Amino acid sequence: MNETSPAVRRRTFLLAATALTVAGAGAGDPASADPSGRKERPAVAARSVGAFEVIPLLDAAGPFFLDRQVAFPQATPHAWDLARGVDPGAFGPGETWRLDFRCYAIRGPRGRLTLVDTGVGPDGSPAGGWAPTPGRLPSELERAGIDPVDVDVVVLTHLHEDHFGWSVGLDGRPMFPNARYVVQRSEVAALPDGDAARAYVVDPLRVTGQLDEVDGATRLATAPGRSGGSIRVIPTPGHTPGHQSVVVDHGREQVIVTGDVLVHAVQLVDPGVAYRYEADPDVARRTRQRLLAEARARRTVLATAHLTQPWTEVATEPR
Ligand SMILES: [Zn+2]
């Protein structure tokens, strides 16, 4: 699972080095330390697909509030063993499930910026009641050299609390004032009365005219020329009714930012395993099986929200 696909060029993108430049702080400068005391992870590599660069942004990480067998009741001991080989970081002490909460930025030609998901959000956001820590997306963006005013498009894969947390501030003002926020119309329509997403993110973005409800597959950006490529959203329902994923491709190169099509490696090694909080487990299973089969055939690299590594390749042969 760790070999690098020849289909996707990989170049080192030293986020840490960028941070030092942006912050103007040198090694040993107290300003460069994370004030929360969280352990910094090493810089991770972005991936280039044609003219686009996909950059992982880790908003939060920690244990889930349910043991893993409770979250994935159908998973067998064999499936857990295989999953441990794919994503060992997901296995905490005992039965603990450890997960990341990751967003991705996609930088295109002329500096166009697309952000996919906005994490758990600040202390006091709707996810604050259960997420392991408050999010730190603003500092991650700074580390990547991204100013929120320069973000053109925010894609919300779905309207769960750990995916829209930094869309607006606690004052209800959009965090990305010049962006349109792309969400499937069916996702908004399916929100239950009283759902936190409606008051926290949908209504404020409607007030400012920034909510862009789309229907089905929609192209977001195209880059001309030989080093071109495109970004589009595709419906990947099941986890939620209007769940969508983001496809970045150029010729044979492809990265898919999956959202929550799979939330643990156990669903990669056995796509039939349901996650406890899927809105429609049968639809979710079919979506996952189809996406993973296509990813395997195309040697697509998956950019997941909750695995403890930003890039995952699907094994060439089903296990
Ligand atoms: Zn999630």
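This is a short tutorial dialogue on reading features of a predicted model.

Me: Where should I begin: how many helices and strands does the protein have?

Reply: A good start is to count elements and then look at burial. This predicted model has eight helices and 13 strands. Of the 319 residues in the protein, 54% are buried.

Me: And how do I read the contacts? What share of those with a separation of 6 or more comes from residues 24 or more positions apart?

Reply: Here you sort contacts by how far apart the partners are in sequence. Residues 24 or more positions apart make up 72% of the contacts with a separation of 6 or more. One example of chain parts meeting is Gly 50, in the loop between strand E1 (47–49) and E2. The C-alpha atoms of Gly 50 and Gly 229 are 5.3 Å apart, although their positions lie 179 residues apart along the chain. Gly 50 counts as buried, because its relative accessibility is 11%, and the cut-off for buried is under 20%.

Me: Now helices. How many Å should helix H8 span, and what do its end C-alpha atoms say?

Reply: The general idea is to multiply a rise per residue and compare the result with the model. At 1.5 Å a residue, the 18 residues of H8 should span 26 Å, and the end C-alpha atoms, 25 Å apart, agree with that.

Me: Which residues of H8 are buried, and what do they pack against?

Reply: Ala 284, Thr 287, Arg 288, Leu 291, Leu 292 and Ala 295 are the buried ones. Because they cover an arc of only 120 degrees around the axis, they are on the same side of H8. That buried set packs against strand E10 (244–250), strand E11 (253–259), H7 and E12. On the face turned away from the buried side you find the exposed residues Arg 286 and Ala 297.

Me: Let me try the same reading on helix H6. Which of its residues are buried?

Reply: In H6 they are Ala 197, Tyr 200, Val 201, Val 202, Pro 204 and Leu 205. Their arc is only 165 degrees around the axis, so they too share one side of H6. Their cover includes strand E6 (180–184), helix H5 (185–189) and strand E7 (211–214), while the face turned away carries the exposed residues Ala 199 and Val 207. The length check works as well: twelve residues (196–207) at 1.5 Å each should span 16 Å, and the end C-alpha atoms are 17 Å apart, which agrees.

Me: What happens at the start of H6, and which residue with a positive phi follows H6?

Reply: At the start, a side-chain oxygen of Asp 195 comes to within 2.8 Å of the backbone nitrogen of Ala 197. After the helix comes Gly 209, with a positive phi near 75 degrees.

Me: Why look twice at a positive phi when the residue is not a glycine?

Reply: Because most residues other than glycine have a negative phi. Arg 110 has a positive phi near 55 degrees; its place is in the loop between strand E3 (98–107) and strand E4 (113–116), and it counts as exposed at 75% relative accessibility. Just after H8, Arg 299 also takes a positive phi, about 55 degrees. Arg 299 lies in the loop between H8 and strand E12 (301–304) and is partly exposed, with a relative accessible area of 31%.

Me: How many aromatic pairs does a search of the whole structure find?

Reply: Ring pairs are read from a centre distance and an angle between planes. The search finds 14. Take Phe 65 and Tyr 277: this pair is tilted, at 6.3 Å centre to centre with 50 degrees between the planes. Phe 65 is in the loop between strand E2 (52–63) and helix H2 (68–71) and Tyr 277 in the loop between helix H7 (266–269) and helix H8 (281–298), so the pair ties together parts 212 residues apart in sequence. Both residues belong to a cluster linked by ring pairs, which includes Phe 64, Trp 80 and Trp 130. The charged end of Arg 68 sits over the ring of Trp 80, 5.2 Å from its centre.

Me: Last one: is His 306 buried or exposed, and which polar partner does its side chain reach at 2.8 Å?

Reply: For a polar side chain, check accessibility and then look for partners. His 306 counts as buried, at 4% relative accessibility. Its side chain reaches the backbone oxygen of Asp 100 at 2.8 Å, and a polar contact of 3.2 Å joins the side chains of His 306 and Asp 260.

Notes
Residues are numbered from 1 along each chain as its sequence is written. This is a predicted model: local features need pLDDT of at least 70, side-chain atom pairs count only at pLDDT 80 or more; totals for chains, interfaces and linings use all residues. Side-chain values use heavy atoms; hydrogens and water are left out. Rings of Phe, Tyr and Trp (its six-membered ring) pair if their centres lie within 6.5 Å; planes under 30 degrees apart count as stacked, over 60 as edge-to-face and the rest as tilted. Helices (H or I, at least four residues) and strands (E, at least two) are DSSP runs, numbered from the N terminus. A charge sits over a ring if NZ of Lys or CZ of Arg is within 6 Å of the ring centre and within 35 degrees of the ring normal. The expected span of a helix is 1.5 Å times one less than its number of residues. Buried means under 20% relative accessible area, exposed over 50%, partly exposed in between (1.4 Å probe, protein chains only). The arc is that of the directions from the helix axis to the C-beta atoms. Contact means heavy atoms within 4.5 Å. A polar contact is a pair of N or O atoms within 3.5 Å; within protein, one must be able to donate a hydrogen and the other to accept it, and residues adjacent in sequence count only if both atoms are side-chain atoms.
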